[in-house]
Amino acid sequence: MSSTSVPKDGNPAVPNLPYFTPQHAADPGVPFTPSSGTPTLFTPLKIRSKTLRNRIIVAPMCQYSTAASGPDIGKLTDYHVATLGHYALKGAGLVFIEATGVQPNGRITPNCPGLWSDAQTESVKRVSDFIKSQGALSGIQLAHAGRKSSTIPPWIAASFNKPSVRASKQAGGWPDDVVGPMGGPENSWDGKGLAEDGGFYPPRQLTISDIQETVSAFAQSARRAVEAGIDVIEIHAAHGYLIHQFLSPITNQRTDQYGGSFENRTRLLVEVIEAVRAQIPTDMPLFLRVSSTEWMEETDLGKRYGSWDVESTMQLSRQLPALGVDLLDVSSGGNHPQQRINMFSSKDYQTKIANQIRQMMKTHQLKLLIGAVGLITEAEQARDIVEDGLDKSIGEEATAAKEMTDTSGGKEPMADVILVARQFMREPEWVLKVAWKLGVDVAWPSQFLRVRFPKI
């Protein structure tokens with residue numbers, strides 16, 4: 001580089017940060033020369049006032065790495081800057097902070113993050129600021145675990161050879177404040193109540209007043225997220241957590257306005273969406289994660305009570321645009337141990353459902369972006385521990401990701417964005433690897449240019 005081409009300011013900094021981090025010469029994960037032949041996966045997507053630099057999103061992933069008590073309870077730490085920041089550095093379009101409790105008893109474990117207090121806002125801002133300094137959008141998933149709360153981190157449970165272990169008061173848990181649509185030992189997640197081999201506490205039934213407080217808690221957490229500079233909020237209504245528990249006729253047999261009919265069972269979710277939307281700017285994107293089916297249709301419980309299934313999700317989806325939801329994040333399962341699918345040995349079950357919902361919305365001329373998660377399951381299963389196997393699988397992942405969002409030749413995509421979780425934990429540079437395998441010449445972080453993959 002000649003002296004005349006050196007920026008007059010030397011190594012320019014990202015502005016408005018209390019520390020130095022260099023401004024990238026080009027945005028990581030973005031093609032240098034976009035063209036009509038660029039895969040849709042690597043084209044930008046504008047949602048309200050925010051633009052994703054590509055269609056690859058880091059899904060929320062629980063890390064169980066915040067303080068369980070004291071002045072730093074629930075606050076994000078340097079660990080979250082290091083992990084989430086690295087996904088942003090390596091080119092992801094949007095990086096989500098994991099499920100964040102809107103109330104203290106809404107955490108899955110005592111070590112999960114929270115945003116129920118103004119004291120927690122600054123820690124979220126610090127993580128969000130760094131994510132955005134690398135060119136990505138920052139997101140946060142607001143959640144309440146309901147009857148699946150007050151457990152210990154899974155790797156500790158695994159040391160006891162159990163899938164789940166209750167978090168006692170001594171471990172920072174809240175045995176007397178686990179809540180759900182229904183109460184009593186029979187309504188613990190695993191149905192084992194306080195039996196020695198059980199892994200969940202019996203919940204107490206939420207009162208109408210409790211429900212109203214929970215709705216308000218979602219709204220106030222959303223306000224704090226805005227104050228922290230978060231770009232995108234996602235409401236967690238999947239995987240057997242509180243809102244999902246209300247949606248399902250299996251776990252919600254209330255006889256008041258929050259149980260019974262479809263309208264009543266979706267009331268809590270609708271009220272949460274409306275409350276959150278009222279607290280955030282009109283130009284801020286709002287996502288919703290649902291379990292599109294709880295895989296209970298073929299069980300005795302499902303046949304007796306009915307269940308939350310794909311048709312239920314479609315009925316809900318048709319209401320979402322009018323409520324101000326911009327994107328539906330389509331997952332499945334998690335609400336009952338009797339579910340009739342092994343999600344980790346199935347292939348593209350969720351992506352097919354996502355596509356089904358997307359086509360239905362188009363037929364009804366309703367605008368709702370669709371996010372698909374789980375598309376690389378088949379490639380993960382095909383992985384081998386040898387180097388050739390790894391190289392083969394990243395090619396399969398790249399092809400699957402491209403085909404999910406492809407619009408070339410007038411093709412109708414299966415989804416508008418993809419959400420990837422576990423693979424980012426294995427390979428934080430997954431975006432850059434996918435681009436390389438697809439032959440897309442994307443920018444790398446300035447600090448990593450010397451180790452860029454060679455062009456294929």
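**Entry 1: α1 and α2**

I began with helix α1 (residues 78–89) and α2: their axes cross at roughly 25° and come within 9 Å. The cut-off for roughly parallel is under 35 degrees, so α1 is roughly parallel to α2. I noted a right-handed crossing for this pair. The model I am reading is predicted.

Next I listed the residues that make the contact. From α1 they are Asp-78, His-80, Val-81, Leu-84, Gly-85 and Ala-88. From α2 they are Arg-126, Val-127, Phe-130 and Ile-131. I sorted the α1 and α2 contact by class: six residues are nonpolar, two polar and two charged.

**Entry 2: the loop before α2**

I then looked up Gln-120. It sits in the loop between β4 (94–101) and α2 (121–133). Is Gln-120 buried or exposed? Its relative accessibility is 2%, so I put Gln-120 down as buried; the limit for that is under 20%.

I set aside sequence neighbours within four places and checked what touches Gln-120. Ile-73, Gly-74 and Lys-75 are in contact with Gln-120, and so are Gly-114 and Leu-115.

**Entry 3: α4 and α7**

Helix α4 (residues 208–227) packs on helix α7 (residues 267–279). I read an angle of about 30° and axes 8 Å apart. The α4 and α7 crossing is right-handed.

On the α4 side I found Ile-211, Val-215, Phe-218, Ala-219, Gln-220, Ala-222, Arg-223 and Val-226. They meet Leu-268, Glu-271, Val-272, Ala-275, Val-276 and Gln-279 in α7. By class, I have 10 nonpolar residues, two polar and two charged for the contact of α4 with α7.

**Entry 4: α9 and α11**

My third helix pair was α9 (residues 310–317) with α11 (residues 349–363). Their axes are 10 Å apart, at an angle of about 40°. How are α9 and α11 oriented to each other? They are oblique, because about 40° falls outside the ranges for roughly parallel, antiparallel and perpendicular. The crossing of α9 past α11 is right-handed.

Four residues I noted in α9 are Val-310, Thr-313, Met-314 and Ser-317. Their partners in α11 are Ile-353, Gln-356, Ile-357, Met-360 and Met-361. I found no charged residues in the contact of α9 with α11; six are nonpolar and three polar.

**Entry 5: nonpolar cores**

I looked for the largest nonpolar core and found one of 106 residues. Which residues have the most contacts inside it? They are Ile-233, Ile-235, Leu-288 and Phe-424.

I followed up Leu-288, leaving aside neighbours within four places in sequence. Its contacts include Ile-235, Leu-269, Ile-273, Leu-316 and Leu-320. Val-325, Leu-327 and Leu-328 are also in contact with Leu-288, and among the others are Glu-234, Ala-237 and Asp-329. There is a second, separate core of five residues, including Tyr-64, Ile-108, Ala-145 and Tyr-241.

**Entry 6: positive phi**

Most residues other than glycine have a negative phi. I checked two that do not. Asn-16 has a phi near 65°, a positive value. Asn-16 lies in the segment before β1 (45–47). With a relative accessible area of 78%, Asn-16 is exposed.

Arg-48 also has a positive phi, near 50°. I placed Arg-48 in the loop between β1 and β2 (50–52). Its relative accessibility is 32%, so Arg-48 counts as partly exposed.

Key. Residues numbered from 1 in each chain as written. Predicted model: local features only at pLDDT ≥ 70, side-chain atom pairs only at ≥ 80, totals over all residues. Heavy atoms only, no water. Axes fitted to C-alpha atoms, helices over the stretch in contact; angles between N-to-C directions. Helix = DSSP H or I, 4+ residues; strand = E, 2+ residues; numbered from the N terminus. Parallel < 35°, antiparallel > 145°, perpendicular 65-115°, else oblique. Left-handed = near helix turned anticlockwise from the far one by under 90°. Contact = heavy atoms within 4.5 Å. Nonpolar A, V, L, I, M, F, W, Y, C, P; charged D, E, K, R; others polar. Buried < 20%, exposed > 50% of the residue type's maximum accessible area, 1.4 Å probe, protein only. Core = buried A, V, L, I, M, F, W, Y, C linked by side-chain atoms within 4.5 Å.
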